[in-house]
Amino acid sequence: MASGVCSTMAQALGEDLVQPGELQDDSSSLGSDSELSGPGPYRQADRYGFIGGSSAEPGPGHPPADLIRQREMKWVEMTSHWEKTMSRRYKKVKMQCRKGIPSALRARCWPLLCGAHVCQQNSRDTYQELAEAPGDPQWMETISRDLHRQFPLHEMFVSPQGHGQQGLLQVLKAYTLYRPEQGYCQAQGPVAAVLLMYLPPEEGVRLDAEVFTALLRRLLPRVHKHLQQAGVGPLLYLPEWFLCLFARSLPFPTVLRVWDAFLSEGVKVLFRVGLTLVRLALGTTEQRLACPGLLETLGALRAIPPTQLQEEVFMSQVHSVALSEQDLQREIKAQLVQLPASASGPPPRPQARLPGAQAIFEAQQLAGTWGATRPEVPRIVVQPPEEPRPPRRKPQTRGKTFHGLLTRSRAPRIESPARSHRGSTSSLDTRF
């Protein structure tokens with residue numbers, strides 16, 4: 001499933017951002033040689049699996065255990081009836097994703113949110129065939145050289161022969177065979193590594209730079225002016241954020257919360273996170289005065305205090321960014337028109353992005369992937385006109401009293417023999 005989610009992630013970022021030639025500088029990847037000296041043999045792993053990490057115990061902003069159990073029960077109930085939940089209660093799914101998916105259920109929820117479970121059902125043997133096929137020697141050498149750099153202090157990826165690094169090798173190799181036109185770049189490593197922490201292997205910037213610059217100009221005009229004066233373009237910091245889905249830029253608990261929201265609401269979450277990071281680094285006048293040049297500004301973007309990146313505080317700021325899906329799509333269309341036709345590289349494909357769980361669910365419903373038959377198209381049935389009824393005859397009431405009419409309509413009619421006396425009348429008749 002991790003390989004399936006990887007391909008869905010690639011759609012979320014757009015094929016124009018995932019290029020083999022990008023991010024090939026070994027010095028920029030996570031995990032330098034000094035980090036690889038290895039942790040002490042008796043150091044304890046935190047609750048996320050990082051040896052010697054600072055998340056061994058929940059922090060003050062972490063929800064209590066009883067609240068976590070309640071959220072787990074809600075997610076179990078929602079995922080047990082996923083089609084019904086997405087059809088009628090997507091707002092609840094969205095709010096629960098913003099609160100954070102419980103760690104014990106991410107392996108169950110992430111594939112449902114991005115539609116990978118349907119892709120796996122439709123192509124059950126695809127990953128196994130790719131895993132058994134020989135990889136391109138060029139890509140295999142590059143992938144093998146980068147394996148030890150992906151979260152080297154996580155207990156899953158410490159050993160070169162462990163299941164973590166070997167599983168990562170198989171997923172990245174399978175992706176190069178599945179998308180040979182894209183191949184491999186270093187940014188795929190941390191994304192696949194985080195997926196492998198929660199999913200088994202078998203389950204699992206050019207336009208963006210212009211859009212991000214336009215959003216900065218509209219939402220953070222003073223910060224945008226400072227970045228321009230310092231000569232800091234978005235391509236100097238944005239690719240690492242977007243290609244790695246912030247896996248190298250945020251604390252791991254916050255990374256998971258970003259992914260929860262990203263899989264639920266789509267690519268607009270990435271722009272919201274990026275705008276929040278820029279504001280935290282350069283939002284005040286004092287911060288901008290302390291960064292007069294390019295190096296100082298880039299250093300500020302990469303040195304945001306960890307206390308400001310804690311999951312609850314940070315995500316509340318992310319969700320408060322005034323950027324809707326309509327705003328993002330409008331800006332993307334505007335920047336597509338302005339892109340030069342002679343620009344190098346493949347044309348951007350924003351329509352291939354991950355639009356969010358609700359849009360994926362609706363697309364799968366229209367494609368008929370939930371059942372053997374496609375949804376029935378409503379038909380208009382024209383009923384034949386009814387036969388005209390004979391007009392009702394108006395009762396003859398001339399010369400009759402109201403009391404006589406009322407009595408006759410209620411009382412049963414009694415047949416009486418014909419009277420020979422012409423002048424006799426019924427006791428109920430009254431004549432004037």
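Reader: Which residues have the most contacts inside the largest nonpolar core, and how many residues does that core have?
Author: In this predicted model, the largest nonpolar core has 94 residues, and W110, Y237 and V278 are those with the most contacts inside it.

Reader: OK, and which helix gives the most to this core?
Author: That is helix α15, residues 268–282, which gives 10 residues to the core.

Reader: Let's stay with V278 for a moment; what does V278 touch, if I skip residues up to four places away in sequence?
Author: With those residues not counted, V278 touches F212, L216, L220, V223 and L227, and the list continues with Y237, W241, G283 and L301. Y237 is thus on the contact list of V278, and Y237 and V278 are both named, with W110, among the residues with the most contacts inside the core.

Reader: L216 is on that list; which residues is H224 in contact with, leaving aside neighbours within four places?
Author: H224 is in contact with T213, L216 and R217 once those neighbours are left aside, so to speak of L216 is to speak of a residue that V278 touches as well.

Reader: Where is H224 found, and is it buried or exposed?
Author: H224 is found in helix α12, residues 221–230, and it counts as buried because its relative accessibility is 9%, where the limit is under 20%.

Reader: Changing topic: how many disulfides does a search of the whole structure find?
Author: The search finds zero disulfides.

Reader: Why is there no bond from C109 to the closest cysteine sulfur?
Author: The closest cysteine sulfur to that of C109 is in C97, and the two are 7.4 Å apart, which is too far for a bond, because a disulfide needs the sulfur atoms within 2.5 Å.

Reader: And are C109 and C114 buried or exposed?
Author: C109 counts as buried at 1% relative accessibility, and C114 is buried too, with a relative accessible area of 4%.

Reader: C97 makes me think of α4; how do α2 and α4 pack?
Author: Helix α2 (residues 65–80) and helix α4 (residues 90–99) pack at an angle of about 140°, with their axes 12 Å apart, and the crossing is left-handed. On the α2 side the contact involves R71, K74, W75, E77 and M78, which meet K92, V93, Q96, C97 and K99 in α4. By class, that contact divides into four nonpolar, one polar and five charged residues.

Reader: What about α8 and α9, at what angle do they cross and with which hand?
Author: The axes of α8 (residues 137–146) and α9 (residues 163–178) come within 10 Å and cross at roughly 150°, in a right-handed crossing. There W139, M140, I143 and S144 in α8 meet L169, L172, K173 and T176 in α9, and by class this contact has five nonpolar, two polar and one charged residues.

Reader: Last topic, backbone: what is phi of F151 and of L245?
Author: Phi of F151 is near 50°, a positive value in a residue other than glycine, and phi of L245 is likewise near 50° and positive.

Reader: Where do F151 and L245 lie, and are they buried or exposed?
Author: F151 lies in the loop between α8 and α9, and it is buried, with a relative accessible area of 6%. L245 is found in the loop between α13 (238–243) and α14 (252–265), where it is buried with a relative accessible area of 0%.

Notes
Residues are numbered from 1 along each chain as its sequence is written. This is a predicted model: local features need pLDDT of at least 70, side-chain atom pairs count only at pLDDT 80 or more; totals for chains, interfaces and linings use all residues. Side-chain values use heavy atoms; hydrogens and water are left out. Axes are lines fitted to C-alpha atoms, for helices over the stretch in contact, and angles run from 0 to 180 degrees between N-to-C directions. Helices (H or I, at least four residues) and strands (E, at least two) are DSSP runs, numbered from the N terminus. A crossing is left-handed if the near helix is turned anticlockwise from the far one by less than a right angle, and right-handed if clockwise. Contact means heavy atoms within 4.5 Å. Ala, Val, Leu, Ile, Met, Phe, Trp, Tyr, Cys and Pro count as nonpolar, Asp, Glu, Lys and Arg as charged, and the others, Gly among them, as polar. Buried means under 20% relative accessible area, exposed over 50%, partly exposed in between (1.4 Å probe, protein chains only). A nonpolar core is a set of buried Ala, Val, Leu, Ile, Met, Phe, Trp, Tyr and Cys residues joined through side-chain atoms within 4.5 Å.
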